[in-house]
Every structure is written in C-alpha cells, then in structure tokens.
Amino acid sequence: MLPPSTSLLGTLSLYMSLALSSPLYESSTGDNDNFDYIVVGSGPGGGPLAVNLASSGYSVLLLEAGRNYTSKNSQQIPALFAEAQWDEEQGWWFYVKNYSNDTQSARNNKLVWQKPEGGYWIGRDPPEGSTQLGVWYPRAGTLGGCDTHNGGLTVRPSDWDWNNIENHTNDGSWASEKMLAYFERVERNLFLPPGTPGHGFSGYQPVGRGDKSLFEREPQILAVAQGSAAALGYTNRSTSSDFDVIAKKDINEALPNRDFQNDVYQISFKRDEAGRRYSAGSRINDAVARGLPLTIRFDSLVTKVQISDNLRATGVEYLEGQSLYKADPRATRNNTGTRRTATARREVIVSGGTFNTPQILQLSGIGPASELKKHRIPVVVDLPGVGKNLRDHYEIPVIQEFPKNFTFWDSCVAPEGGPSPCLTEWEKTGTGPWSTLGFFQFVLYTSSVAPRGERDLIFYGAADGILGHLPPYVNQTGLISATNLFTYTISESHSRNRAGTVTLRSSDPRDVPEINFEYFADGGDDDVQGLVDGIEFVRKIFSSIPGYNGTTQEVYPGLAVSSQDQLRQYVRDEAYGHHAAGTAAIGGDDDPLAVLDSKFRVRGVKNLRVVDASVFPNAPGTFPLISFFMMSEKASDAILADAELALA
C-alpha cells in the first residue's frame, strides 16, 4: 500500500522521533554461539516463529541484518508508515525489472535512471547516456521486516489460497477451514462484538479501524464512498451519511460465499488500543521483555547456511557490521564486516523474504545448478525452483480531480515552532487523523476474467495523487503534490504469471540479486484485461458520486486513454506491485519447481526450512500480510511437532 501524499509526509517528517530502541542488541563475540534453532530474518515469518519456539523453551538465535527502530514514530503512528519506507536507516531499496525488454521498461513513468553526471532521473525521456536502474521497490532492513513499513492491512486471503496448497501437497492441514483457526489465534479484534464467528479476540495482533467520524466530516471523502456503493448497486446504502451503513465493517466476515461478494468495506489494520501500530518487531520486543530464551543479533547479514556432508543444516555464516548489504542506501563497497558463525543443534530456518531467501539458498549451494556454476558456487542440491516463480499483485492507479481541496489533513498543519496538533492528539489519546492510515475504504470487485469466478480486484482509496511507489528523491510536484485529488488504486489478485526470477549477480553476499518480474509473460492478456475492467469500474464509481456531476474529472491516465487498446497499453506501461512472493515455493512431489514440502522443509536438505512470503505458490489474497502471520503460526506448529517426535 502506498502512503498518504508525499507532500504531507515531507511535513510530517519534521516531527519524527529519531530515538533508537537498542536494548536487544547483543554482540556475537563470546562462546554462546550454539542454539537449538537459528532463525534468519525477523519479519512476519521469522519474527513470530522465533518467539513461538522460544516460548516453548528452546534457545533461539534470531539474526537481523538491520537494527531495532520500533520506537520511531514512523513505526508507531499509523499515518506515518510511509516515512519508514523513505528512512535510510530502516530501508533496503531494491531496483527491479518489470520486463526484460528495455524499450517496454522505458515507458514506465516510475522507472529510475542513473544520469551520466550522477544523480537520478525518474520517468520517461531521461538525459542522453542515462542507465536504467529499475523500478524502486522498497523493502525493510530492520527488526520486524516489511511489517514495519507497510499499511498493516488485515485482510484474510481467499479460501482458494489455502486449498490450492492442500490440493497440490495432499496435506489436509492446509485446508482453508483449518487455516482460519490460525487467524483466530493471532487476531485481537478491537471493533467487533466478542465472539463474532471467524475472529479472534485474545491474540497478540491487535486489529482496529479508523474513526469513521473523521471520514464523515469530509464531504468529498464521504461522497466517494457513496459513489462506490452506488456503482455496485447498493442504492439505499449510497444515500446514507453514516459510514457504517455505506461500508461494511467486517471484510474478514466468515461467510460461505465471502470470496464471491462485491462490496464496499471499511479498512481494518494493525493498531492497538492506544492507536499505535503493532508489528512483528513489537512481538519480538515483548518476548525479550518476558525473558524468553531468545537472542537477537543485529547488524548480522547471513551469507551462507552451513551444510554437512550428509546434507544436514548445522548452522550459518554471517557478516557482522552496519549497512553491509548494498540495498541499504548507506552501504559502501569497502564495508566488508566481520565474519561470524553460529551453530544450530536442531534446525536453521531462513526467513529473509522473497528476494533474500533465494539469494541465501543459492549462496549456500542450493538452487539451479546452472545458475550456481555461473558464480563458481559448489552445488550442494540442484533445486531448480529456487528463485523461480516470482509472483506479485499487479496494481494500477486512477486519479480524479475534485472541485475543492480535501481537508482531511488540514488539522495536522503545525504552527511555526510547534508540534503538529495531530501528533499531540495521537500522543495523548491515540486518536485523530494520525491514528488512521489515510486510506478510507476498500472496494472488492470481480473482473470479467476472474479465476474461478472469485472477486479478483480490490480498490483502495486515498485523498492524494498516488502514481505508485516513488523514491524519496522524487520531484514532489504536479500530481503527487496536489491536494484536490482522489486516487483509487486497483490491485489484482491471483495473477497468472510465473515467469519472474531472482538470480545472483555475483557470489558476493553483499550484492543485491537480479530481480525481474517479467510482467504479463504468462496469461498476460487476461491479467491486463482484469485491470482494464477495474479501471472502467473505477470510472463508473467516480461518475456515480452524488452531487458532483460534471465537477470532477479524471487526470490520470485521463479520458483520452479510452479505447481497449489504449487502456491495455496503459496497464502494461504503468502497472507495479509491492507484494512479492513465491521464490521458494511449497509444492507437491511431482512439481519440478517445488522448493519446499508442505511442512516448510527444503527438499534435499535435512533440518532446513523456509518460513516467509517466498513459500507461497501464489501471492496470497489481496493484501497478504495477515497470510504471512497465519503461515508463521502453522510453521511453528510443524517445527514444534517434529521437535516433540525427536524427543519421544
């Protein structure tokens, strides 16, 4: 999910707390380098997993390449989450390819170029001699991983996402009705009546929603919600001024036909009773405060899994030092770090994420033999699927201009020399605009090419001009600085493309891998058409807004882009994503690209598992974050069950 307007964020950053929460840091020098489990990466997969293992009494080493910034306001205040994406201390900034064809790539208005004299150019027609870097794809190099810099949206995936894994692995524990229990285990719902079916009320992850009165007092925001209901045919709801009537409260309602319903929903997201975000990093902090046998080492870039001659994972090698990885915008080539090792008595679990997990596996000699030989890496296990099947959700924006400026953030303007009133309100009561995400409602919709006839599009709305993910050095003018714009971003689930790859650039673990999504290579015509259907329906929404006939206009892509061919080309040129998954996928024994079995075990290596977004055969759901937490809980159960068997 993209942030509220970049112009707003520039103002908000003046009030960011720069405090570093570092009580968890432990130097890796000393004799305590032998643990029951080693977990590599502290995001939504590895962080909760490490806590669960330690809660069961096992000693756990959690290795994190970044540091702990959970006390920063950008990780505490819901509205400021995008500041974390732009924060050089927290960010790992990748530049990815969407196409191998450089000509097609160059049509993207978000493409970043390196200018010949230095500096960056973003968009089309760069200075002569500029070099394509790719599309900016921010990840988080900090405790809690990408859970610390996203919107924290809490939307259960479709039942198919789980049943598909069940069907391919013949493992009934992945059935959707059984996976629902993990959602109920994790969730602590703060806005529904206790006991509501399909929800949890005592889990560690608080789930709330924005104060509807804030949305209701902004006439244009309310009008867009009304237009959304009207376009879907909910005429009576569309005439209401009560946000609870216009937009359903529970997007995660446990209904038999849930995945086939088109509707308007309020946005549920991760925030606690005090209006603060709660991330995987928060979960880890709480575990350490409880005195669990959990050791966290920061500034620890894992370079290799140690594997014995009998193909058993025995530990890891890592480099200790700050900003070692070259996706860190502060990294320098001469920063080589200090070599360390640690030993696992039971298992090593890699949770580096969709880009870094396949890199670590390949550096360890696990992956396609042809790729490993290119970099003179000894082949331990020839596993062709490592780094293949890179998936994402395609996204595309439609931006509408309104007659008046949106006023949602006006109360947050700081007086000269003083703090923002919104910061003061949030600190005192956990309420106000900064306790929201700045996104107002979801619309779920079914395209004409939806797989299985399930709703496959989700629109999320914000009173800003949002083109996509743009780096902090973008020129903040034009659409992204205007205050009278509303963007509906269309995101497509269950895309058909399996052609994306993550491959090594070199055998240097500090180098970022080559990341190429190969957009629309498989089933591209249908995926493009689904997004075109979404654009046309968003246009219907804007034309259905009551009382604004003729006073609003589309400014991006603009109504000049109207024919089917023009819309398809717009989608191919400007689509983007930020939900990467699939590069170490679970699959059946007959799947040549399956990296893992149904219990997260790396095929061909004992005592080695992967637990992160890369395990999913498809990018799950609409917003996949809660899927990762559910998956982490399932992996915890699988690992602990095997540990009990070993002790029997």
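How many of the seven residues of strand E18 (residues 439-445) are buried? In this predicted model, seven of the seven are buried, so strand E18 is largely enclosed by the rest of the structure.

The strand has a partner in E9 and another in E19. Strand E9 (residues 263-265) runs antiparallel to E18 and is joined to it by three bridges. Within that pairing, Tyr265 has Phe442 of E18 as its bridge partner. Strand E19 (residues 457-462) is also antiparallel to E18, and the two pair over five bridges. Here Tyr445 stands opposite Leu457 in E19.

Phe442 leads on to the nonpolar interior. The largest nonpolar core has 101 residues, and Phe94, Phe355, Trp434, Phe442 and Phe459 are the members that touch the most others. Helix H16 (residues 524-543) supplies the largest share of this core, eight residues. Burial of this kind fits a general pattern: in soluble globular proteins, nonpolar side chains tend to be buried together. Phe355 shows what surrounds one such side chain. Leaving aside residues up to four places away in sequence, Phe355 touches Phe94, Val96, Tyr137, Arg139, Leu390, Val502, Pro513, Ile515, Phe517 and Ala580. A second core, separate from this one, has 74 residues, among them Ala584, Leu625, Phe629 and Met631.

The next stop is the disulfide. The structure has one disulfide, formed by Cys412 and Cys422 with their sulfur atoms 2.0 Å apart. The link is left-handed, with -80° about the S-S bond. Cys412 lies in the loop between strand E17 (394-401) and helix H15 (421-429), while Cys422 lies in helix H15, 10 residues apart from Cys412. Are these two cysteines buried or exposed? Cys412 has a relative accessible area of 3% and is therefore buried; Cys422 counts as buried because its relative accessibility is 1%. The cut-off for buried is under 20%.

Cys422 also belongs to the buried side of its helix. The buried residues of H15 are Cys422, Leu423 and Trp426. They cover an arc of only 100° around the axis, so they lie on the same side of H15. The general geometry is familiar: an α-helix has 3.6 residues a turn, so residues three or four places apart point the same way. Helix H3 (73-76) is included in what covers the buried residues of H15.

Charged side chains give another set of links. There are 37 salt bridges in the structure. One of them joins Arg124 and Asp573, with an N to O distance of 3.6 Å. This pair links distant parts of the chain, 449 residues apart: Arg124 is in the loop between strand E5 (120-122) and strand E6 (131-140), and Asp573 is in helix H17 (residues 564-574). Arg124 has 33% relative accessibility and so counts as partly exposed, whereas Asp573 is buried, with a relative accessible area of 5%.

A second salt bridge is that of Asp642 and Arg609, at 2.6 Å, N to O. Asp642 sits in helix H18 (residues 625-647) and Arg609 in strand E24 (residues 608-610), 33 residues apart, and the pair links distant parts of the chain. Which of the two counts as buried, and which as partly exposed? Asp642 counts as partly exposed because its relative accessibility is 22%; Arg609, at 2% relative accessibility, counts as buried. Beyond single pairs, salt bridges with shared partners join Arg107, Lys110, Arg124, Asp573 and Glu574 into one network.

A further salt bridge joins Asp328 and Arg330, at 3.0 Å, N to O. Asp328 is buried, with a relative accessible area of 6%, and Arg330 is partly exposed at 28%.

The loop that holds Arg124 lies between E5 and E6, and both strands pair with E4. Strand E4 (residues 111-114) pairs with E6 in the antiparallel sense over four bridges, and in that pairing Val112 stands opposite Gly134. E4 also runs antiparallel to E5, joined by three bridges, with Gln114 opposite Tyr120. E4 and E5 form a hairpin with five residues between them, and Gly118 in the turn has a positive phi of about 105°.

Definitions and conventions:
Residues numbered from 1 in each chain as written. Predicted model: local features only at pLDDT ≥ 70, side-chain atom pairs only at ≥ 80, totals over all residues. Heavy atoms only, no water. Disulfide = S-S within 2.5 Å. Buried < 20%, exposed > 50% of the residue type's maximum accessible area, 1.4 Å probe, protein only. Pairing = 2+ DSSP bridges. Salt bridge = Lys/Arg side-chain N within 4 Å of Asp/Glu carboxyl O. Core = buried A, V, L, I, M, F, W, Y, C linked by side-chain atoms within 4.5 Å. Contact = heavy atoms within 4.5 Å. Arc of directions from axis to C-beta.
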